[in-house]
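Morning, everyone. Please bring up the model on your screens, and we will walk through it together.

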Amino acid sequence: MKNLLKRIKLPSFLEDRRLRIVTVILFAIALIGVIFTLFINPILSLLLFILFIGLLGTVFYGLETISRNTSAYVSDLSYRIKRGEQEALVKMPIGILMYNDKGEIQWTNPYLQGYLGNKEVIGKKISEVDPELAQLVEQNENSNDTKVVHWGQNQFEIIIQQSIGVVYLLDITKYAAIEDRYKDEQIAIGQVFLDNYDEVTQTMDDQSISNLNNYVTNQLSMWANQFEMFLKRVDDDHFFLMAYAKSLKAVEDDKFKILDTIREETSKQNFPLTLSVGIAYGDTDLAALSVTSQSNLDLALGRGGDQVVVKSKEGEARFYGGKTNPMEKRTRVRARMISQALQEIFNQTDQVFVMGHIRPDMDAIGASLGIRRIAQMNNKECWVVIDQTHIHTDVQRLLQEIQHYPDIAPKIITPEEALEKATDNSLLVMVDHSKPSISMSPDLYKRLANRTVIIDHHRRGEEFPENPMLVYIEPYASSTCELITEMFEYQPQNVPGLDKIEATAMLAGITVDTKSFSLRTGTRTFDAASYLRSVGADGLMIQHLLKENVQSYIEKNHLIERVEMVHETMAICTGEEDQVYDPVIAAQAADTLLSLSGVEASFVITRRSDKLIGVSARSLGTVNVQLIMEKMGGGGHLSNAATQIENTTIDAVRDQLLDAIDAVEAEES
């Protein structure tokens, strides 16, 4: 019986257990109804039975038909899916390559074969078929991420499943071209400024001015047309520039040679004119680009002009030019305006704090004392902030002399005392530096960041206070003391002026920064020195303050003994790894090296502390040491610059210095 039941083939829809149960239940209900009706009316019962059998047959037939159609549909769909998978694997626009552990190709789909040509590839090593493809597979084999690579003339996204030996290559050349075009067509906005136009033209007649304007406009217009840029003159000394990113890249590759062209040609006409340019890019907001371009122009001017600053809002600045000494652009009018502006700011504050850079030199101390006197002349209390734990012997001698002046000595306080005294209405004057990170007290700067004045003669760097109330940066000036000395002419004359010790300190600052009036001096430098002498500056005291002690003299000469010449005219001295040198000694050694025959630039590398290596760089002007130091994270002047590097060795810094020298020479050539 069991075998008979096994041989009976049930309808396909009854192979489902749930349908069988439902069918049995319905059959049982119908059978009960027929039996129940049989007792009431046999004829009616027979009719119901016949009707039930017919209905049951119809249902069985319908369900069987549906089952057969469903099975056929599923079977057809399954076949089409499998065929689609096979077709997709073979014809999909993604290159597929299978390889074994030996790097031999086992299979490629026709799409990838199109990139390999008509070569027979099965069984051959990838390197034999296409060395470039083999290199790409090797470089990206251990990467789990999608990478964009170049293969031949095309760009691909590559994914490698190393576990099963499969390479997938998606050609994105078309989309990469669209992306490149989008990047190339991003807008860059620039500001072009003629640095010393007013100074040059004030002694020229109208015809000469017209000729100069025509020459400059023609040169800039030809330059703009050459690189497909838009240029519009908006003022006598100001041009507006707009370009695509593609054009900007081309101009950068050209190193902005227009700077040299304008400078050299106008110099031949005895009207030397220089350009400063600030360019911004990388933002879709044109108003924001305009603001950034102006900020970049300010940075170029703050560094002395004759250069270009290219920078996005959040990116690092790229500098071009700046290879010449800045031309004098200061006038008595500007000195008077700054002096009066400083007076107005003093009137809006309750007290003034003035500080120089960390490890201050005579220029920083002298400038601080000068600002203190100007504040006093305007009836404002002023505190000079000095950390006396890290000062050189010349500054120590000066502070000892100041102890004999009871009205000045109490005004010299420590950074900690300054923080206690500072209020929301106090003013901070930063002298001889503009980088908050090298201030005597960075904490005091943070406390008064929105109430800060900057007076400096160094070229401005990328690090700069965000919202200074007044900025007076003149890279042409010999020293900060020179700038501040000029302000005294425009201060109240009915109050006591500079004391002897203040005038002496300021003249000492000028003397130190000009190497006894031998470097970076102009007529204004001697005017300032003459004024300081007239109000009591003591030359003998300056000699006393600037004397070297025996130990410092020995250490300086020891450094000079370790000199080595590189690039024929450059001298490098390196201190011992375990010997700490005072930064002033290193600077003096660098200055002394310039007095040697054949030395055009000098670099002294010494350990300043356990984690700090310092480099002092000096030049006679033929070598731009500022650019070299900027490559190493520092800065300064064309002929006087420095940098400090943390957590490294002297040998490593020496190698870094040589690389920076090579890089600057390569750029200049």
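I will start with the whole chain, then go through aromatic rings, charges over a ring, salt bridges, one serine and a surface patch.

One caution before anything else. This is a predicted model.

Let's take the overall picture. The chain has 669 residues, and 45% of them count as buried. It holds 25 helices and 23 strands. Its accessible surface comes to about 34500 Å². Carbon and sulfur atoms make up 54% of that surface. Now the contacts. Take those in the chain with a separation of 6 or more: 63% of them are between residues 24 or more positions apart.

Next, the aromatic rings. How many aromatic pairs does a search of the whole structure find? Seven. One of them is Y111 with Y115, and that pair is edge-to-face. The ring centres are 5.6 Å apart, and the planes meet at 65°. Why are these two about one helical turn apart? Because they sit four residues apart in helix α4, which runs over residues 110-116. Both tyrosines are partly exposed: Y111 has a relative accessibility of 25%, and Y115 has 29%.

Stay on Y115. Its ring also pairs with that of W151. Here the centres are 6.1 Å apart and the planes are at 35°, so this pair counts as tilted. Where do the two partners sit? Y115 is in helix α4, and W151 is in strand β3, residues 147-151. They are 36 residues apart in sequence, so the pair ties those parts together. Is W151 buried or exposed? Buried, at 6% relative accessibility. Put the rings together and you get one aromatic cluster: Y111, Y115, W151 and F156.

Now move along the chain to another tryptophan, W383. Two lysines sit over its ring. The charged end of K421 is 4.4 Å from the ring centre. K411 lies over the face of W383 as well, at 4.8 Å from the centre.

On to salt bridges. A quick reminder: side chains of opposite charge can pair when their charged atoms come close. The search of the whole structure finds 20 salt bridges. I will show three of them, then a network.

First up, E252 and R318. Their closest N and O atoms are 2.7 Å apart. E252 is in helix α10, residues 245-253, and R318 is in strand β11, residues 318-321. That links distant parts of the chain, 66 residues apart. E252 is buried, with a relative accessible area of 10%. R318 counts as partly exposed, at 30%.

Next, D424 and R447. The closest N and O atoms of this salt bridge are 3.0 Å apart. D424 is in the loop between α16 and β15, while R447 is in helix α17, residues 442-447. These two are 23 residues apart. D424 counts as exposed, at 64% relative accessibility. R447 is partly exposed, at 35%.

Then R562 and E576. Their closest N and O atoms are 3.7 Å apart. Both ends sit in loops: R562 between α22 and β18, E576 between β19 and α23. The separation is 14 residues. R562 counts as partly exposed, at 33% relative accessibility.

And the network. Which residues does it join? R372, R373, D499 and E502, through salt bridges that share partners.

Now a single residue, S312. You will find it in strand β10, residues 307-312. Is S312 buried or exposed? It counts as buried, because its relative accessibility is 14% and the cut-off for buried is under 20%. Leave aside the neighbours within four places in sequence, and S312 is in contact with Y281 and T292.

Last stop, the surface. Please turn to helix α3, residues 42-91, and find L46 there. L46 belongs to a nonpolar patch on the surface. Its fellow members are I43, L47, F49, I50 and I53. Together the residues of the patch have about 600 Å² of accessible area.

That is the tour. If you look at one place again, try the cluster of Y111, Y115, W151 and F156. Thanks, everyone.

Technical notes. Residues are numbered from 1 along each chain as its sequence is written. This is a predicted model: local features need pLDDT of at least 70, side-chain atom pairs count only at pLDDT 80 or more; totals for chains, interfaces and linings use all residues. Side-chain values use heavy atoms; hydrogens and water are left out. Patches are made of residues with over 30% relative accessible area and no salt bridge: like charges are joined within 9 Å, nonpolar side chains (Val, Leu, Ile, Met, Phe, Trp, Tyr) within 5 Å. Accessible areas come from the Shrake-Rupley method with a 1.4 Å probe; for residues, only the protein chains shown count as cover. A salt bridge is a side-chain nitrogen of Lys or Arg within 4 Å of a carboxyl oxygen of Asp or Glu. Rings of Phe, Tyr and Trp (its six-membered ring) pair if their centres lie within 6.5 Å; planes under 30 degrees apart count as stacked, over 60 as edge-to-face and the rest as tilted. Buried means under 20% relative accessible area, exposed over 50%, partly exposed in between (1.4 Å probe, protein chains only). A charge sits over a ring if NZ of Lys or CZ of Arg is within 6 Å of the ring centre and within 35 degrees of the ring normal. Contact means heavy atoms within 4.5 Å.
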